[in-house]
Amino acid sequence: MAAIVNVNGRIADQEHATIPVFDHGFLYGEGVYETMRTYNRQPFLFDRHMRRLRNSARMITLPLPFTDDELEEQIRATMAAAHLGGEAYIRVLVTRGIGELTYDLEATPTPSVVIIVKAQIDPPADTYERGVRVVIVDIVRNHPGSVNPLIKSNNLMNSALAMQEAFRSGAFEGVMRNYRGEIAECTTSNLFVIRNGTALTPPLDAGLLPGITREFVFDIGADIGIPVEEAVLHDDDLFAADEAFLTSTTREIVPIVSVGDRRIGSGRPGAVTLALLDAFRQKAQELSRIGNLEVKR
Ligand SMILES: Cc1ncc(COP(=O)(O)O)c(C=O)c1O
């Protein structure tokens with residue numbers, strides 16, 4: 001499905017949306033982004049995505065040239081131009097902008113802002129009904145002293161290599177360890193295991209993207225009485241888990257039923273995972289019907 005793209009306020013179809021070669025997003029991968037989706041045509045958890053985008057931008061000293069309201073207005077204009085029948089996938093990218101061949105910030109005074117809107121394609125129903133197989137990949141998640149995983153960076157070479165490793169073995173996702181050998185997250189999603197009824201996920205200082213869905217799972221767990229906690233996890237914790245799942249904006253909560261050739265739990269999506277998924281979907285519907293008027297965190 002073709003996308004509609006807004007480049008610095010100009011809306012065009014996918015074939016006609018362009019960025020100059022001297023944009024430092026292209027030259028150096030210098031930029032940050034967010035991926036959002038709609039429920040009931042409302043960008044979901046918009047305030048939380050804006051908070052993370054501002055934090056990513058701050059961590060690379062990139063001034064964002066818009067207020068939250070201005071960006072929301074541009075997103076809505078792009079969605080209107082896309083004429084989607086259903087829900088939208090929304091990707092917002094902000095790069096340093098156009099400048100000479102130097103890393104000097106002075107060279108790029110005007111950031112580029114791109115909004116991509118296309119149809120949200122949900123994973124097929126059997127992804128949730130049967131669960132998925134993941135593999136632990138050899139590519140290590142970025143060291144926090146390098147491009148810190150807290151930054152949702154446009155510079156995705158490491159993640160691409162990790163996911164390509166997972167694709168080669170036919171897996172749905174690749175689980176990445178950090179430089180200490182602990183489990184960090186997947187290449188495009190966060191990871192949880194269930195042990196004795198508690199959902200455990202690696203702490204932020206394991207070096208991972210603070211997923212908005214990950215954060216929302218803490219709220220959902222509190223709502224339905226499932227404890228959700230951070231814990232340092234190793235390979236064996238994953239292999240020995242009762243259940244496991246991954247989270248991301250576009251895929252919600254996906255049950256993991258095997259890791260490589262090892263079965264997790266019963267080898268079927270677990271009851272705790274499915275309860276969280278059900279509660280997640282209900283709350284997403286509720287919040288989007290009342291215009292995302294959740295309490296701001
Ligand atoms: C590395 C990584 N971790 C986790 C996530 C999940 O984050 P969110 O729930 O905000 O979509 C993503 C999403 O793209 C990601 O790229």
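This passage describes the cavity, the largest pocket, the salt bridges and selected surface and backbone features of a predicted model. Residues are numbered from 1 along each chain as its sequence is written, and side-chain values use heavy atoms, with hydrogens and water left out. Because the model is predicted, local features need pLDDT of at least 70 and side-chain atom pairs count only at pLDDT 80 or more, whereas totals for chains, interfaces and linings use all residues.

Internal space was examined on a 1 Å grid over the protein atoms alone, where a cavity is a set of points at which a 1.4 Å probe fits but cannot get out. A pocket is an open set with protein on both sides within 12 Å along at least five of seven lines, and lining residues have an atom within 4 Å of a point. Grid points are joined across faces, edges and corners, and a volume is the space filled by probe spheres set on the points. The structure holds one cavity of 30 Å³ or more. The largest cavity encloses about 70 Å³, and its lining consists of R37, Y39, F44, L45, H49, I212, T213, F216, S248, T249 and F280. Strand β3 (31-39) and helix α6 (212-224) each contribute at least two residues to this lining, with α6 giving the most, three residues. Helices (H or I, at least four residues) and strands (E, at least two) are DSSP runs, numbered from the N terminus. The lining of the largest cavity comprises six nonpolar, four polar and one charged residues; here Ala, Val, Leu, Ile, Met, Phe, Trp, Tyr, Cys and Pro count as nonpolar, Asp, Glu, Lys and Arg as charged, and the others, Gly among them, as polar.

The largest pocket has a volume of about 710 Å³. Its lining is made by 39 residues, of which Y33, K152, T187, T188 and L209 are the closest to the centre. Two or more lining residues come from each of β3, β5, β6, α5 (157-168), β9 (183-186), α6 and β13 (243-248). Helix α5 gives the most to the lining of the largest pocket, with four residues. By class, the lining of this pocket holds 14 nonpolar, 18 polar and seven charged residues.

Side chains of opposite charge can pair when their charged atoms come close. With a salt bridge taken as a side-chain nitrogen of Lys or Arg within 4 Å of a carboxyl oxygen of Asp or Glu, the whole structure contains 16 salt bridges. In one of them, E215 pairs with R51, the closest N and O atoms being 2.6 Å apart. This pair links distant parts of the chain, since E215 belongs to helix α6 and R51 to helix α2 (residues 46-59), 164 residues apart. Burial is classed by relative accessible area: under 20% is buried, over 50% exposed, and in between partly exposed (1.4 Å probe, protein chains only). E215 is buried, at 13%, while R51 is partly exposed, at 35%. A salt bridge also joins E185 and R141 (2.6 Å, N to O). E185 lies in strand β9 and R141 in the loop between β7 (132-136) and α5, 44 residues apart along the chain; both residues are buried. A further salt bridge connects R180 and E182 (2.9 Å, N to O), in which R180 is partly exposed at 42% and E182 is buried at 11%. Shared partners join the salt bridges of R48, R51, E215 and D219 into one network.

On the surface, I19, V21, F22, F26, I98 and L101 form a nonpolar patch of about 580 Å². Patches are made of residues with over 30% relative accessible area and no salt bridge, like charges being joined within 9 Å and nonpolar side chains (Val, Leu, Ile, Met, Phe, Trp, Tyr) within 5 Å. Accessible areas come from the Shrake-Rupley method with a 1.4 Å probe; for residues, only the protein chains shown count as cover. Within this patch, I98 is situated in the loop between β5 (88-95) and β6 (112-119) and is partly exposed, at 46% relative accessibility.

Positive phi values in residues other than glycine occur at R41, near 70°, and at H83, near 45°. R41 lies in the loop between β3 and β4 (42-43) and is partly exposed, at 30%. H83 is placed in the loop between α3 (68-82) and β5 and is exposed, at 69%.
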